[in-house]
Amino acid sequence: MLKGSVPKALDLFCGIGGLSLGLHQAGIDTIGGVDCWEEAQATFNHNLAPVRCMRADITKTSLSDIESFFGVPASAIDLVAGGPPCQGFSTVGKRDAADPRNSLWTAYQSLVAEIRPAYVIIENVEGIIVMEKGAVQQEIIDSFASIGYHMKCRLLVSADYGIPQLRKRAVFLGWLDGLIEPEFPRPLGGSHVSVADAIFDLPALKPAEIVAVYCNDPTTEYQRARRKQCQILSNHEAANHEPELVEVISHIPDGGNRKSIPAHLQPKSGFHNSYSRLASWKPAVAVTSNMRKPSSARATHPVQDRGLTVREGLRLQSFDDDFVVLGSRSSQYLQVGNAVPPLLGLAIGREVLKAYRNNTTGLIARARSATPKRVKRVRGLFDYEEETAAL
């Protein structure tokens with residue numbers, strides 16, 4: 001058995017590095033990430049150094065380019081992780097060959113086929129489970145079966161893994177034929193971390209106000225874990241809301257919605273869940289790039305009359321306070337909204353590491369060097385009808 005062995009991972013479509021951080025915390029050696037987004041690359045490099053992000057278009061990047069940049073041969077990469085966009089991957093009989101997202105999947109799978117890592121992790125949007133009535137999920141599984149990988153999929157709820165957010169993510173776990181199958185992480189159990197548990201130690205802000213020092217001590221285990229020994233508070237600046245908007249949201253109670261806004265102040269547009277506050281006693285809904293906009297879906301602070309700050313978004317995504325997001329303000333929100341929660345990466349990484357270490361060196365070497373052949377097709381774990389109801 002490979003007890004104590006540390007596998008190396010490559011993170012494709014890495015963004016700011018949430019998945020890389022989680023895998024590292026699980027005990028996996030992430031050699032680096034690849035992404036084409038310049039500002040995300042800068043944030044990744046700033047926070048994960050000496051681990052680096054290679055800025056590149058994966059459709060134009062060869063394996064030799066990756067080996068040269070990271071100084072690591074493909075044979076040393078035991079795990080490939082990432083979340084390539086899936087919308088153009090399959091349209092069941094009417095595939096749009098011109099959809100540029102198809103090439104992202106093709107490039108991703110081609111790199112996996114060349115590297116032949118022992119394990120593969122794919123993280124993606126929850127809708128991939130029911131997309132095209134489940135056909136996209138199944139085609140992903142089949143596509144990896146064609147190059148020798150068993151693969152399974154499950155929908156994971158972030159809040160079940162210590163993250164103060166109800167965001168659901170589809171996670172695919174793949175393993176080479178002949179290797180130990182990894183398990184999906186089990187929910188932690190107990191009470192979920194709430195919004196108040198996560199962010200209520202951060203200084204109160206008025207619109208357009210910025211505070212760079214802590215004013216209160218942390219009061220929960222989650223707050224203490226995120227703050228660590230930080231003395232400087234970064235990325236905590238409120239959006240500059242107009243007085244009229246502040247007046248509108250001031251009428252909404254903790255966890256409330258637009259029904260509490262007086263008739264004469266009711267916004268003329270927006271959906272039913274627009275202008276709603278997060279409930280302080282629950283995990284947040286999915287954190288998105290619109291978290292600073294009260295007009296978005298539940299993006300208003302539970303008790304303060306403003307949208308969320310970048311730091312509050314990072315807390316709700318389970319990033320520690322020493323993680324600093326670079327770039328323009330709008331880019332910062334987008335980077336955080338697109339990120340994988342590190343604690344989710346940690347939970348997944350622990351299970352993959354456990355499976356990896358239950359193999360022998362010889363078993364992994366034989367699996368990786370074997371001539372690629374199609375493995376038995378596995379049906380997706382979810383039926384379209386079942387998941388339609390769940391989503």
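## Helix α3, the loop before it, and a cysteine pair

In α3, the buried residues are L63, I66 and F70. Their directions span an arc of only 60° around the axis, so they lie on the same side of α3. The model is a predicted one, and the points below take up the end of this helix, the loop that leads into it, and the cysteines.

**Helix α3 and its end**
- Directly after α3 comes G71, whose phi is positive, at about 65°.

**T61 in the preceding loop**
- T61 sits in the loop that runs between β3 (52–55) and α3 (63–70), and with a relative accessibility of 13% it counts as buried.
- The side chain of T61 makes a polar contact with the backbone oxygen of D57, at 2.6 Å.
- When residues up to four places away in sequence are left aside, T61 touches M54, A56 and I66, and I66 is itself one of the buried residues of α3.

**Cysteines C14 and C53**
- Why does the sulfur of C14 form no bond with the closest cysteine sulfur, in C53? The two sulfur atoms are 3.6 Å apart, which is too far for a bond, because a disulfide requires cysteine sulfur atoms within 2.5 Å.
- Seen from C53, the closest cysteine sulfur is in C14, and the structure as a whole holds zero disulfides.
- Both cysteines are buried, C14 with a relative accessible area of 7% and C53 with a relative accessible area of 1%.

Note on methods
Residues are numbered from 1 along each chain as its sequence is written. This is a predicted model: local features need pLDDT of at least 70, side-chain atom pairs count only at pLDDT 80 or more; totals for chains, interfaces and linings use all residues. Side-chain values use heavy atoms; hydrogens and water are left out. Buried means under 20% relative accessible area, exposed over 50%, partly exposed in between (1.4 Å probe, protein chains only). Helices (H or I, at least four residues) and strands (E, at least two) are DSSP runs, numbered from the N terminus. A polar contact is a pair of N or O atoms within 3.5 Å; within protein, one must be able to donate a hydrogen and the other to accept it, and residues adjacent in sequence count only if both atoms are side-chain atoms. Contact means heavy atoms within 4.5 Å. The arc is that of the directions from the helix axis to the C-beta atoms.
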